[in-house]
Amino acid sequence: MIRTLRAAALALPLALPLGFAATTLVHAHGDGAPQSIDTTGLEPLGDDDRDKNPYIGNAKAIEIGASGYNKNCARCHGIDAKSGGMAPDLRELDKTEASDIYFLTRVRGGAQRDGRYRMPPFADILSQEAIWAIRTYIESEADKDPAIAAKIN
Ligand code: HEC
């Protein structure tokens, strides 16, 4: 009995970090499951949808948006928001308010074709804050590429 307890006491601290590491690894590689993102530090927006991105140029939004993008979008829309051809290049959406609304709506709704999702809907996963942060990040990536910037500015 005492032996078993001691073995358990030894095993526990080992098992915990291992389990944790495994989860972290899966997430780091993007197992495909959409993930919510922590938007602490951004102005909370409440329940009403904004009709334009409230975080344009906001450094904190860019940082949070980069992480949200990498976890949820990069596997289809490309690293650094540069499309590899699998899905549209999101940097090419212009910066008008119409595009802001389009972005919010598309991200929430995803994309279906022939009854199958080509892009999952994020309505239940990402808050309004998170989606605007991702949009802000993508715009900052667009600004870094003169060819893209020339097209959309
Ligand atoms: C499983 C792959 C996949 C993932 C993950 C994904 N998308 Fe998409 N997305 C697509 C595809 C494919 C399309 C084009 C769909 C179509 O043709 O209607 C698309 C279209 C879009 C559009 C419309 C683009 C346009 O030019 O009209 C937006 C905006 C968008 N995605 C944003 C996002 C964001 C932001 C994320 C992450 C939160 C994301 N997507 C995650 C595959 C994906």
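Two residues are said to be in contact when heavy atoms of theirs lie within 4.5 Å. The structure described here is a predicted model, in which local features need pLDDT of at least 70, side-chain atom pairs count only at pLDDT 80 or more, and totals for chains, interfaces and linings use all residues. Residues are numbered from 1 along each chain as its sequence is written, and side-chain values use heavy atoms, with hydrogens and water left out.

The chain as a whole comes first. Its secondary structure consists of 6 helices and 2 strands, where helices (H or I, at least four residues) and strands (E, at least two) are DSSP runs numbered from the N terminus. Read from the N terminus on, the order of the elements is α-α-α-α-β-β-α-α. Of the 153 residues in the chain, 33% are buried; a residue is buried under 20% relative accessible area, exposed over 50%, and partly exposed in between, as found with a 1.4 Å probe on protein chains only. Among contacts between residues at least 6 apart in sequence, 66% join residues at least 24 apart.

Thr136 offers a specific example of such contacts. Thr136 belongs to helix 5, which covers residues 128-144. Because its relative accessible area is 2%, Thr136 counts as buried. When neighbours within four places in sequence are set aside, Thr136 is in contact with Asn53, Tyr55, Ile56, Gly57, Asn58, Ala61 and Ile62.

One of these partners, Asn58, may be followed further. Asn58 is located in the loop between helix 1 (2-28) and helix 2 (59-72). Asn58 and Thr136 are 78 residues apart along the chain, yet their C-alpha atoms are separated by 7.5 Å. Without counting residues up to four places away in sequence, Asn58 touches Leu42 and Thr136. The side chain of Asn58 also reaches the backbone nitrogen of Lys60 at 2.9 Å. This is a polar contact, that is, a pair of N or O atoms within 3.5 Å; within protein, one must be able to donate a hydrogen and the other to accept it, and residues adjacent in sequence count only if both atoms are side-chain atoms. With a relative accessible area of 27%, Asn58 is partly exposed.

The loop between helix 1 and helix 2 also holds Thr39. Thr39 is buried, since its relative accessibility is 16%. Beyond its neighbours within four places in sequence, Thr39 is in contact with Ile64, Ser127, Glu129 and Ala130.

The ligand is the next topic. Where does the ligand sit? The ligand occupies the largest pocket. On a 1 Å grid over the protein atoms alone, a cavity is a set of points where a 1.4 Å probe fits but cannot get out, whereas a pocket is an open set with protein on both sides within 12 Å along at least five of seven lines; lining residues have an atom within 4 Å of a point. A molecule sits in a cavity or pocket if more than half of its atoms lie within 2 Å of its grid points.

Around the ligand there are 21 residues, of which Cys73, Cys76, His77, Tyr102 and Met119 come nearest; a residue is near a molecule or strand if one of its heavy atoms lies within 4 Å of it. By class, this shell has 15 nonpolar, 2 polar and 4 charged residues. Here Ala, Val, Leu, Ile, Met, Phe, Trp, Tyr, Cys and Pro count as nonpolar, Asp, Glu, Lys and Arg as charged, and the others, Gly among them, as polar. Helix 3 (74-77), helix 4 (97-109), strand 1 (111-113) and strand 2 (116-119) each supply at least two residues of the shell, and helix 4 gives the most, with 4 residues.

Arginine side chains also make polar contacts with the ligand. A polar side-chain atom of Arg118 lies 3.0 Å from an oxygen atom of the ligand. For Arg106, an N or O atom of the side chain is 3.3 Å from a ligand oxygen atom, and for Arg113 a polar side-chain atom lies 3.4 Å from one.

Finally, two aspartates deserve attention for their backbone angles. Most residues other than glycine have a negative phi. Asp80, in the loop between helix 3 and helix 4, has a positive phi near 55°. Asp114, in the loop between strand 1 and strand 2, has a positive phi near 50°. Asp80 is partly exposed, with a relative accessible area of 36%, whereas Asp114 is exposed, at 76% relative accessibility.
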